[in-house]
Amino acid sequence: MSILDQESRSAPPTRESSRRPARWPARPWARDALFAVAALAVAFIAILPGRDGAGPSISLMQLVASMAAMTVAAVGLNLLMGYAKLVSLGQGGFYAIGAYATAWLVLDGGWHPLLAIAGALALCGAVGAVVAVASMQLRGPQFSVITLVLAILVERILNEGALFGRLAGYPNHAQHGTTGLPPIEVLGFTLEPPMIANTVATVMVPVVVVTALVVIVSRNIARSPWGSSLSAIGESEMLASHLGVDVFHRKVSVFVLASVFGGLGGVITTLCFAHLQPETFDIFLTITIVLAVVFGGSGTVLGPLVGAVGIVWLEQSDILAQLGDLQQEYISSQWYLSTPGLVGVLFVLTLFLMPKGIVGTIGALVMGRRQRADVAEDDGAGLQETAGLPATAEAVSDASVDGASPAGRAGEPLLVMRGVGKNFGGLKAVADMDLTVGRGQIHAVIGPNGAGKSTLANLLTGVYKPSSGSVRFEGREITGLAPHKVARAGVARTFQTPQLFHDATVLDNVLAGFPDTGRTPLWAAALKPPSRYRRDAEMRAEAERLLNLVGLTEFTRLRAGELPYGKQRALEIARALASQPELIVLDEPAAGLLATETAGLGDLLLSLRAHGYALIVVEHHMDLVARIADQVTCMDQGRLLSRGTPQQVLSDEGVVSAYLGKPMEEHS
Amino acid sequence: MDALVLGLVLGGLYALLAQSFVLTFITTKTLNFAVGEFVALGAFVVLAVAGWSWLPDVGKLAVGVLVAAVVGAAAYRFLVVPFMTEGEHDVRWLLSTVALSFVMLNLITNVEGPSPQRSETARLSGAVDVLGAGVSKQQLLIAVLAVVVTVLLVVASKKTSAGLVMRAVSQDPETTSLMGVSPRLVGMVTYAVAMGIAALTGTLYAATVGASPVMGAPLLVASIAVAVVGGLSSLWGPLLGGALYGVLSEVTSYEFGAIWGETAGLLLVIVVLVWRPQGLLGRRTEVKL
């Protein structure tokens, strides 16, 4: 989650919002409208100098066109690279496909230009989908390699395919009798490219409008639950799937979206320059797009825009060339760097000095200042407080139990696992386990290390497919379902080490827990219909209620990474609650907590039971287990050792000896 | 048949360079995208010392390899290590090595000029007949060297203590560092060896096509492809990947034209990655929660 996201999604002070919830929908709406107006205004100001088509303005309009094309491609790459953390080196390839496909469909295909553009974008999307499906199992360097392979393949085909004129470019005299595409006509308007003096470059109007729209739409996406799901994937795919995100689907979607934006950059190039040369679509292009994203600020809304404008300006202005000349003059006529080398140096310097890019660095400064002010305002309440989960009896009575929560249906079995086993090769990690959990029950699973407790939790939540047996939840068969499907069915979980978005605010962490993260369709995220605003307000109110429930109200705007460990656990529980689960699986929630924190955790879990949630608690702290559990299952070597009430199990001789023969009194 | 033999020989060239990717990947989980420029660096250094008549060709080769090794170790220390600090999803090193490739390419071009220069060092002239196909001795030398280097690396990794350390670092850098071994030092040594191999490839290759700044680019693409097909975590991978890639691309370009040869090779990468993401001989590492 980017700095800017946090800013927008949690900027208005919490207390104010709880006092005046009615004003919520209006303010984000107004802010979005303001951003859109500003984006369009900047777009039109950029092309103002070209309004009379005077000769000197032509080169300026060409510069603006290059910037627009680069911006669109970089915005697309940013969704992929900045949010989902998939570093693609193939964006230049899609750019080239978009450019050549448009030109070829118009000239050789004889298509209507608008149709040709749509066709070119569809082609980019299709190629993107194929590459995405092929590469989605890969992460890190392998993913980058496969996308690089694509970019190189495209470059080779353009360089060597006779159809595209090879080095003569497209179109060329020999094949087409012209070196420029004819200006396209749409609805009676002729869209002139910025090429000829004293002809107004009319194509610039749709170009800058489209660029502004792309920026606006990508901002909507980045700040929607759809965008949160990308950040979740970037953080950890396993976490994302536990938040109900269909990771494979989502990754393919975002790759296709990025490909189409990449292609759109190429379309703009074709429309504005009317002639294509294969050598302009080489690896340098693809790397320049990556650099634009990193330089401007990867994972921020305005970063790709700032980066693209900056890089294009640097490359096309004389500054780099002059730097090269200076070196030749003062250092050596041979040992110097010209433009590509200087771009490389700039890249390294950016990585070293400004890893968050221009926008990210500025954003962090602004955020930091604002946050410090907040902490001061809080009168030191907060971190200085005894780090511990608060006794929540109060919080429970405050919190309105909403109608959807599963209270009142206690008793009927919610989860039934029968004969579940899991083998890893020859090792039987879990064998023939049964487990039944009723609504409103706390079921503790204990056992020595390596007993298969975590494996059991992973079998239940879909991380592993059971080798045998069945899992039924609310009467539905969920055996072997993927984690996101189990999560959607109503099973939430927390992890042994809290898996949070450390750079995002506490509030944003909870917001990511809502089912919307996995379910919001792309169109709704991009266009942001009024229903989205209403839902955002609802989610925010609910998130604040949940934070209150776990005692984190005063930390809403803090970065999650700044919370003490105990509160990180509480935050993870709040996020789990946001998905409106029936059952929550907690994997060693008390690990690493202080005694006071453990007591607070016990209070919290009891209050959750009072709200009607069913809990499975994998735990080592016997005092906690004895205090909260309705039923205890003790496992040893993958099998059931003992089951019953805490008193029965903890006094069972088999259980005692499984724990290395220590008498249980020492534990409790 | 001709295409088959030529494909295998070509595959040897790619396999030799692919070994440098595999080496760095096994120990440091990183790839140096500037390998193509180390190929050119090696070739030009050897070209620069070609006039030292007191030094035998093997010595000149060694100078090229050493220079590339030192630069490679420095590149790892200053451009890779600072950019891999945030876990396995941190791939900033990828961008910094790409940037290094830009800088080196630009610098070499400015110093030496863009056109290829003839290189006579370590050059075997003439051709031999292999199963009815005429193969230049130089190409055969490279292919044989690929096998020799692979065998040496495998033996070294299995039998020597340095190899043991290397494998330990690759499996668990943290625990290894607790045992008093510096993963950073091991990484630097690995990068030195890997870039030395790149320089060796460059010198021998330059004897056939001449030394030019961009000579590494086509080799880079093919050898990444070969390394990925064979499996980035397997020392034997490059030989298998090289044979497959070389034969496929050579046979295809023989039948359908040069552009399809390369396309077929790159499509092979995609097919293999979809089918076995870890490569043909690679080991899959399970992700644990």
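**Exercise 1. Describe the make-up of chain A: how many helices and strands does chain A have?**

Solution. Chain A holds 29 helices and 12 strands. This is a predicted model. Next, take burial. Chain A has 668 residues, and 53% of them count as buried. Then sort the contacts in chain A with a separation of 6 or more. Residues 24 or more positions apart account for 74% of these contacts.

**Exercise 2. Compare the expected span of helix H25 of chain A with the distance between its end C-alpha atoms.**

Solution. Helix H25 of chain A covers residues 565–578, which is 14 residues. The expected span is 1.5 Å times one less than the number of residues. For this helix that gives 20 Å. The end C-alpha atoms of H25(A) are 20 Å apart, so the two values agree.

**Exercise 3. Work out the surroundings of H25(A): how many of its residues are buried?**

Solution. A residue is buried if 20 or more other C-beta atoms lie within 10 Å of its own. In H25(A), 13 of the 14 residues are buried. H25(A) is therefore largely enclosed by the rest of the structure. Now look past the helix. Gln580(A) follows H25(A) and has a positive phi, near 50°.

**Exercise 4. Break down the contact between chains A and B: which element gives the largest share of the side of chain B that touches chain A?**

Solution. Start with the two sides. Chain A gives 40 residues to the contact, and chain B gives 33 residues. On the chain B side, helices H4 (92–112), H9 (216–230) and H11 (258–275) each give two or more residues. H4(B) supplies the largest share, 13 residues. Finally, sort the chain B side by class: 25 residues are nonpolar, five polar and three charged.

Technical notes
Residues are numbered from 1 along each chain as its sequence is written. Chains are lettered from A and ligands numbered from 1 in the order in which they are written. This is a predicted model: local features need pLDDT of at least 70, side-chain atom pairs count only at pLDDT 80 or more; totals for chains, interfaces and linings use all residues. Helices (H or I, at least four residues) and strands (E, at least two) are DSSP runs, numbered from the N terminus. A residue is buried if 20 or more other C-beta atoms lie within 10 Å of its own, exposed if 12 or fewer, and partly exposed in between; C-beta atoms are placed from the backbone. Two residues are in contact if their C-beta atoms, placed from the backbone, lie within 7 Å. Ala, Val, Leu, Ile, Met, Phe, Trp, Tyr, Cys and Pro count as nonpolar, Asp, Glu, Lys and Arg as charged, and the others, Gly among them, as polar.
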